[in-house]
Amino acid sequence: MSDQPKKSNFFEKLATFIVDKRNLIFFLYAIAIIASLITQSWVDVCDDLTQYLPETTETRRGLTLMEDEMKTYGTARIIVSHVTYEIARDLADQIEDLNNISSVDFWDADKSADDTTLPSAANKTYEDYMQGADALITVTFRGENDDQSAKDGLAAVKELLAPYDTYISTDVGYSKSETLNEEMGIILVVAALVIVLVLLLVMLIGACVGLINGFVMAKFKVHPYIITLAMQMIVYGIYLTVSNSVQVGSFDSSYTTSFVTKPLFQIQTGVRPNGTAIFTVVPMYVLLALIVTALMWVVWNKTAFGKNMFAVGSNEEAARVSGVNVMMTIIGVFMVAGALYGYTGFIEAARMGSSTATLGLNYEADAISAAVIGGVSFVGGTGRISGVVLGVFMMQLIIAGMTFLGISGNVTYIVKGAVILFAVILDMRKYMTRK
């Protein structure tokens, strides 16, 4: 038998390089993200398409005309109390002479109250209003409600009418969007509480399913893949029965676009021919995934529970002799896994925008592929969080590359299956060699 070492093939060399340099890869990736966050503010993007249209084009002139014609100027309706007709008439003239005032409408006696602009019942004239010694003056400013010119005009009117008992009704300087934002803020707080409660509920349900899986495996020594597959079918059947196989959609925006899929930040990925930048948006669920990844890294590497997981996975009997509660550790692992399944299902439903009977179908194959590629041993006792994350990136790169090359989606299943098979074969060869 030859003592010469066996030559490694290309894939073994590639896998070895990725595992050995994983820290460097993550470091470079972190630098790229930080650089993107810093440099994104250096680019000033004009998203007004009309700015790129020549002044002579009909489209540009039409848009300009529409903007001018559809502009709504600020107005104010003023009631001045305890004044005579002559004083009211004089005040209207003085207001008209102020800056930033476009027009003043003073209701003369010959103006009929059936005019829709009058703020009271029909069949009344200005004389009827003056019986209570109240004067009605309508002021139109030279700017829109949010323009500074309209605000200045309103301030001048208030200063002029300061000695009189007045009531002014106007939207000038009043931002409906600010009030709406305040109200929406309260609504979002309530929605956030509801979302958190729902998230905790689905994680609790997942943990309960994991509790059953872990108990069956620890008590009856059923293979984890078999018990997981069986419970998956049971839960799937319960879901179809409860939902009656009906798609659930129209999720509230506070759950989808305002939370899970909300843009976190954007990275410039190119430049258009006209010079404008092209940005790729990084959504909120990336941060949610990173939070769970960091949490599991701490559990995996810095807690007694994480050490017990490795011990039970490497040698269950040795772990029991060492004083590890094997049953509780196995149940705990399955409960944590179930809770995280609920967490990711909560995110995936918001990402897809609906929940269907096929949502999540064959996702277990993706999970196995990413874990095994990332160095998690199929027989247990070996693996790192960084390796799992790297395995996820590798799988997504393969799928994205196939999509970019225009390869049919049906072939994706073949590739995934081949990747799993190849990764498991390599894992078992390493296991048999160590054994």
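**Figure 1. A lysine charge over a tyrosine ring.** In this predicted model, the charged end of Lys416 is placed over the ring of Tyr413. The distance from that charged end to the centre of the Tyr413 ring is 6.0 Å.

**Figure 2. An aromatic cluster built from Phe251, Tyr255 and Phe346.** Four aromatic pairs occur in the structure. In the pair formed by Phe251 and Tyr255, the ring centres lie 5.4 Å apart and the ring planes meet at 75°, so the arrangement is edge-to-face. The cut-off for this class is an angle over 60 degrees. Phe251 has a relative accessibility of 24% and therefore counts as partly exposed. Tyr255, with a relative accessible area of 13%, is buried. Together with Phe346, Phe251 and Tyr255 make up one aromatic cluster.

**Figure 3. The largest nonpolar core.** This core has 20 residues. The members that touch the most other members are Ile78, Val80, Ile95, Ile137, Val139 and Phe141. At least two residues of the core come from each of the following elements: strand 1 (73-81), helix 4 (85-96), strand 2 (101-106), strand 3 (134-144) and helix 6 (148-160). Another core, of 15 residues, lies apart from this one and includes Ile195, Leu199, Leu288 and Ile385. In general, nonpolar side chains of soluble globular proteins tend to be buried together.

**Figure 4. The surroundings of Phe141.** Phe141 is among the core residues that touch the most other members. When neighbours within four places in sequence are set aside, Phe141 has contacts with Tyr73, Gly74, Thr75 and Ala76. Its contacts also include Asn100, Ile101 and Ser102. Further contacts of Phe141 are Ala150, Gly153, Leu154, Val157 and Val172.

**Figure 5. A salt bridge within helix 4.** The side chains of Arg89 and Asp93 form a salt bridge, with an N to O distance of 3.5 Å. Both Arg89 and Asp93 belong to helix 4, where four residues, or about one turn of the helix, separate them. An α-helix has 3.6 residues a turn, so residues three or four places apart point the same way. Arg89 is partly exposed, its relative accessible area being 27%. Asp93 also counts as partly exposed, at 33% relative accessibility. The structure has a count of six salt bridges.

**Figure 6. A network of salt bridges that involves helix 12.** The residues linked in this network are Lys221, Glu316, Glu317 and Arg320. Arg320 meets Glu316 through their side chains in a salt bridge of 3.3 Å, N to O. Arg320 and Glu316 lie four residues apart in helix 12, about one turn of the helix. Arg320 also forms a salt bridge with Glu317, in which the closest N and O atoms are 3.0 Å apart. Because Arg320 and Glu317 are three residues apart in helix 12, about one helical turn separates them. Arg320 has a relative accessible area of 38% and is partly exposed. Glu316 counts as partly exposed at 27% relative accessibility, and Glu317 is partly exposed with a relative accessible area of 48%.

**Figure 7. Ala319, a buried residue of helix 12.** Helix 12 spans residues 316-321 and contains Ala319. The relative accessible area of Ala319 is 3%, so the residue is buried; the cut-off is under 20%. Leaving out residues up to four places away in sequence, Ala319 touches Ala311, Val312 and Val324. Asn308 is 11 residues from Ala319 along the chain, and the C-alpha atoms of Ala319 and Asn308 are separated by 7.6 Å.

**Figure 8. Helix 14 and the glycine that follows it.** Helix 14 covers residues 363-373. Its buried residues are Ser369, Ala370 and Val372. Gly375, just after helix 14, adopts a positive phi of about 100°.

**Figure 9. The protein chain as a whole.** The secondary structure of the chain consists of 16 helices and six strands. The chain has 435 residues, of which 25% count as buried. Its exposed area is about 28300 Å², and carbon and sulfur atoms supply 63% of that area. Among contacts between residues at least 6 apart in sequence, 63% join residues at least 24 apart.

Definitions and conventions. Residues numbered from 1 in each chain as written. Predicted model: local features only at pLDDT ≥ 70, side-chain atom pairs only at ≥ 80, totals over all residues. Heavy atoms only, no water. Phe/Tyr/Trp six-rings, centres within 6.5 Å; stacked < 30°, edge-to-face > 60°. Buried < 20%, exposed > 50% of the residue type's maximum accessible area, 1.4 Å probe, protein only. Lys NZ or Arg CZ within 6 Å of the ring centre and 35° of its normal. Core = buried A, V, L, I, M, F, W, Y, C linked by side-chain atoms within 4.5 Å. Contact = heavy atoms within 4.5 Å. Areas by Shrake-Rupley, 256 points an atom, 1.4 Å probe, with all protein chains shown as cover. Salt bridge = Lys/Arg side-chain N within 4 Å of Asp/Glu carboxyl O.
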